[in-house]
Amino acid sequence: MKQRKLVGMSTISEDEVARVAALARIDLRPDEITRLAGELDVIVESVAQVSAVAGDAPATSHPLPISNVFRADEPAPALPVAAALGAAPQAEDGRFAVPQILGEE
Amino acid sequence: MTSDVTRLSAAEQAKLFASGEVSSVELVTAHLDRIEAVEPQLNAFIHVSAEVALEQARQVDAQRAQGEISSPLAGVPIAVKDIVVTKDVVTTAASKILEGWVPPYDATIVEKIKAAGLPILGKTNLDEFAMGSSTEHSAYGNTANPWDLERIPGGSGGGSAAAVAAFEAPLAIGTDTGGSIRQPAAVTGSVGVKPTYGGVSRYGLIAMASSLDQAGPVTRTVLDSALLHEIIGGYDPHDSTSINEPLPSLVAAAQQGATGDLTGVRIGVVRELSGEGYQVGVSKSFEESLDLLRAAGAEITEVSCPHFPSALSAYYLIMPSEASSNLAKFDGMRFGLRVEPEDGPVTAERVMSATRGAGFGDEVKRRIILGTYALSAGYYDAYYGSAQKVRTLIQRDFTAAFENVDVLVSPTAPTTAFKFGEKLDDPLAMYLNDVATIPANLAGVPGISLPSGLSDDGLPVGFQILAPAKADDRLYRVGAALEKALENKWGGPLLSQAPELEVK
């Protein structure tokens, strides 16, 4: 698998911050993009040392070994509709009301 | 002031309640009065739920009148970090995006607290979504350290630690993803415990990093933490990572420790968590505690955990990666803030971006973007993948160390409380506060911080004890023994040396 070179490379340009912010669905002001580019560059350069330390150890995603469990298939009370909708910015006919999902003109 | 119930430990308050000398309403009222008197200076609470607490107290008093006392802490009030959801009580995670949110359900630990008869005084301040080490990233203002109002109370659980240290509450709930219970305890002279991962239910915690988050007790004494830990701990079918085994006997371990005898207990000092970067007064206080432990009969050796220096880097990849995924639910659709874009089409995607841009603070944006970057195509293996491998190496360091010692110890934080604004513009310097606490989260092992004294700047220092997974009882035995030895030396608890807050 191809990996980009990491250490010592200025990887996080303002364009890169804008691209990632779009992936993360966060609108940023231009001054925020400038500041984040500088900060993230320093952080990433520091944390990138993990790739030099990792070696061929297996990856751990979880602190303790656990296996998947299934609960008994028994009916239990769920949140009432009114409670689920109670904090929604907008609700209609017992449903969440949301803006148009598809972006076509 | 000496007859003031708020100065008593939770265990002492519970005893007065059980014997009928005070009512729960009296205990709650005394703490609400204290809150009213010192909150203008501290801002430890985002929301005080006075009416709810009094109503709960009346119920507990009525139960007592029937001869029912539901737990060893029944009647004693508690504060809850505002990242734990409470039914019908506002929960914000210190974020603008959840301003005014009233959850429709209780976290499992809140259900357990209510069932145990502890009235909830309110919700404590924190760094937004628990992201920070100083509580300066709250959307609802800074919390001051009761030892010095110009200084931070630690973070992210600065509100819970300050509330307990300032006698606004005898007990509080914290959450610890990289040190958010232990580091605030250290800088405020209080006690905080991060239980074994899976030992306390995460159901109803607003998640930051699901493989690291753990809720636990924030108190003024080791015994109080053990009492609260036994109430909130244990298996929860609503949390798929909950450990389906009984807790070890924590209160009994604290009582055993309080006898002061540690004969035969093997304590390992982590070589990598000392030296450079640790304030001189912090190291000195730590060494003094080691002498006391030695005098109590413990056998002390130095232990090396060679991969701990890489823990901070692994953490600052794993945590933001998980956070970026967990916080995707704040999309302006089902709860919380909704902001429409200023111009252009109002689509769900653009509303989501506008909402998150307006609703999240700087540190939350920084971590979500860092996490999204670390998980993005082309970087995943080098960053997230490598960090997960380092996580394995850290776990192996712990496993190897615990073959030779029963517990590991270190200073909880490298420095005492710093001044507001000192590290706010330097994220990396802020992250270094958690250098000694993070390894435990990566490995899932339990840890406690208790006060070991004052540094040369007159501010509290924390002493950290770490134990193997599921051996939380060892924290309480060793912690209670050290607490006893220190208090004998001081002639009372460290908090009695804290400056009196001005009372309005």
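## Layout of chain A

Chain A contains four helices and two strands. In sequence order these elements run α-α-α-α-β-β. The model is predicted, and the mean pLDDT of chain A is 86, with 88% of its residues at 70 or more.

Residues 1-9 of chain A are a stretch where pLDDT stays under 50. For this stretch the model has 15 contacts beyond four places in sequence. Where pLDDT is low, the predicted coordinates should not be read in detail.

## Burial and surface of chain A

Chain A has 105 residues, and 30% of them count as buried. Its exposed area is about 7300 Å², of which carbon and sulfur atoms supply 55%. Among contacts in chain A between residues at least 6 apart in sequence, 37% connect residues at least 24 apart.

## The interface of chain A and chain B

In the contact between the two chains, 57 residues of chain A touch 65 residues of chain B. Together the chains bury about 5300 Å², and 67% of that area lies on carbon and sulfur atoms.

The interface also has polar and charged pairs. Between chain A and chain B, 19 residue pairs are in polar contact, with both residues at pLDDT 80 or more. Four salt bridges cross the interface. On the side of chain A that touches chain B, the elements giving two or more residues are α1 (14-23), α2 (30-47), α3 (50-53) and α4 (81-85) of chain A. Of these, α2(A) gives the most, with 10 residues. A salt bridge also joins the side chains of Arg25(A) and Glu349(B), with an N to O distance of 4.0 Å.

## Salt bridges within the chains

Over all chains, the structure holds 26 salt bridges. Side chains of opposite charge can pair when their charged atoms come close. In chain A, Glu32(A) pairs with Arg29(A), and their closest N and O atoms are 3.9 Å apart. Glu32(A) has 2% relative accessibility and counts as buried, whereas Arg29(A) has 45% and counts as partly exposed.

In chain B, Asp406(B) and Arg266(B) form a salt bridge through their side chains at 3.0 Å, N to O. This pair links distant parts of the chain, with the two positions 140 residues apart in numbering: Asp406(B) is in the loop between α13 (381-401) and β9 (407-411) of chain B, and Arg266(B) is in strand β7 (residues 266-270) of chain B. Asp406(B) is buried, at a relative accessible area of 17%. Arg266(B), at 28% relative accessibility, counts as partly exposed.

Another pair in chain B is Asp291(B) and Arg294(B), whose side chains meet in a salt bridge at 2.9 Å, N to O. The two residues are separated by about one helical turn because they are three residues apart in helix α9 (residues 280-295) of chain B. Asp291(B) counts as partly exposed at 45% relative accessibility, and Arg294(B) is partly exposed with a relative accessible area of 44%.

## A network of charged residues

Some salt bridges share partners and so form one network, which joins Arg35(A), Glu39(A), Asp362(B), Glu363(B), Arg366(B) and Arg367(B).

Technical notes: Residues numbered from 1 in each chain as written. Chains lettered and ligands numbered in written order. Heavy atoms only, no water. pLDDT = per-residue confidence, 0-100. Contact = heavy atoms within 4.5 Å. Buried < 20%, exposed > 50% of the residue type's maximum accessible area, 1.4 Å probe, protein only. Areas by Shrake-Rupley, 256 points an atom, 1.4 Å probe, with all protein chains shown as cover. Buried area = accessible area lost by both parts, 1.4 Å probe. Polar contact = N/O pair within 3.5 Å; in protein donor to acceptor, adjacent residues only side chain to side chain.
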